[in-house]
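Take a look at the model below. Some questions and answers on it follow.

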Amino acid sequence: MDWQSESPELWAFLESLHRGEILSGTVAAIERFGIFVELDDGPDHPTLPGVGFITIPELSWRHVDAPTDVVEIGQRVSCEFLQFDTYNAEARLSLRALQPDPFQAFADRTVVGQALGGTVIRALPFGAFVDIGDGVVGLVPFKEVHGRPAAGPPEACQVGDEITIVVTDIERPHRRVFLRRPEDARHAGVAPG
């Protein structure tokens with residue numbers, strides 16, 4: 001569809017938006033792939049439930065299993081405008097952009113060598129992912145990962161286990177945390193903190 005000629009008011013509205021602009025609206029529809037937002041100052045969309053759209057990753061900094069874990073139909077939201085999707089004639093929005101990033105807060109208060117408690121949320125052949133609080137998840141590698149030595153056999157970590165771990169690396173640019181079991185840390189020369 002040629003949105004520019006078919007819906008000139010919609011096209012003009014979307015072209016007027018600037019990246020980083022804060023928009024408000026109401027959740028109009030929830031789909032498995034994201035949510036539609038009816039924007040307060042926006043025109044109606046001729047085919048979609050709302051002019052604004054938020055993908056699942058932009059709903060929250062935390063892992064989201066379903067959009068209904070974060071929002072409900074009729075809920076008022078404020079979002080940051082990311083971009084104009086010219087194909088669908090919609091405003092791509094972000095809820096998480098207006099929320100504090102729990103990873104950065106974790107990285108600010110945590111040091112390498114610090115011992116923490118966590119819950120194993122996923123165990124794979126190469127390592128275990130451990131929830132260390134506030135939506136931050138770290139990896140305890142079982143095999144060498146990115147030049148880091150293995151932490152031990154996979155059977156040492158089962159999903160649901162509450163374990164003590166030691167932070168071995170925090171990679172801010174990649175938003176990754178590497179961990180090690182305390183007994184493994186002694187062998188690597190990392191002292192629990």
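Q: Is Asp-134 buried, partly exposed or exposed?
A: In this predicted model, the relative accessible area of Asp-134 is 42%. Buried would need under 20%, and exposed over 50%. So Asp-134 is partly exposed.

Q: Which side chain does Asp-134 meet in a salt bridge?
A: The N to O distance of the pair is 3.0 Å. Asp-134 lies in the loop between β7 and β8, and its partner sits in helix α3, so the bridge ties together parts that are 25 residues apart in sequence. The partner is partly exposed too, at 47%. It is Arg-109.

Q: Which residues does the network of salt bridges that share partners join?
A: Arg-92 and Glu-90 meet at 3.0 Å, N to O. Glu-90 is buried at 3%, while Arg-92 is partly exposed at 22%. Shared partners bring in one further residue, and the network joins Asp-85, Glu-90 and Arg-92.

Q: How far apart in the chain are Asp-101 and Arg-175?
A: These two form a salt bridge, with the closest N and O atoms 2.5 Å apart. Asp-101 is in the loop between β5 and α3, and Arg-175 is in the loop between β9 and β10. Along the chain they are 74 residues apart.

Q: Why do the buried residues of α2 line one face of the helix?
A: The buried residues are Leu-10, Trp-11, Phe-13 and Leu-14. The face turned away from them carries the exposed Glu-9 and Glu-15. Seen down the axis, the buried residues line one face because they fall within an arc of 160 degrees.

Conventions
Residues numbered from 1 in each chain as written. Predicted model: local features only at pLDDT ≥ 70, side-chain atom pairs only at ≥ 80, totals over all residues. Heavy atoms only, no water. Buried < 20%, exposed > 50% of the residue type's maximum accessible area, 1.4 Å probe, protein only. Helix = DSSP H or I, 4+ residues; strand = E, 2+ residues; numbered from the N terminus. Arc of directions from axis to C-beta. Salt bridge = Lys/Arg side-chain N within 4 Å of Asp/Glu carboxyl O.
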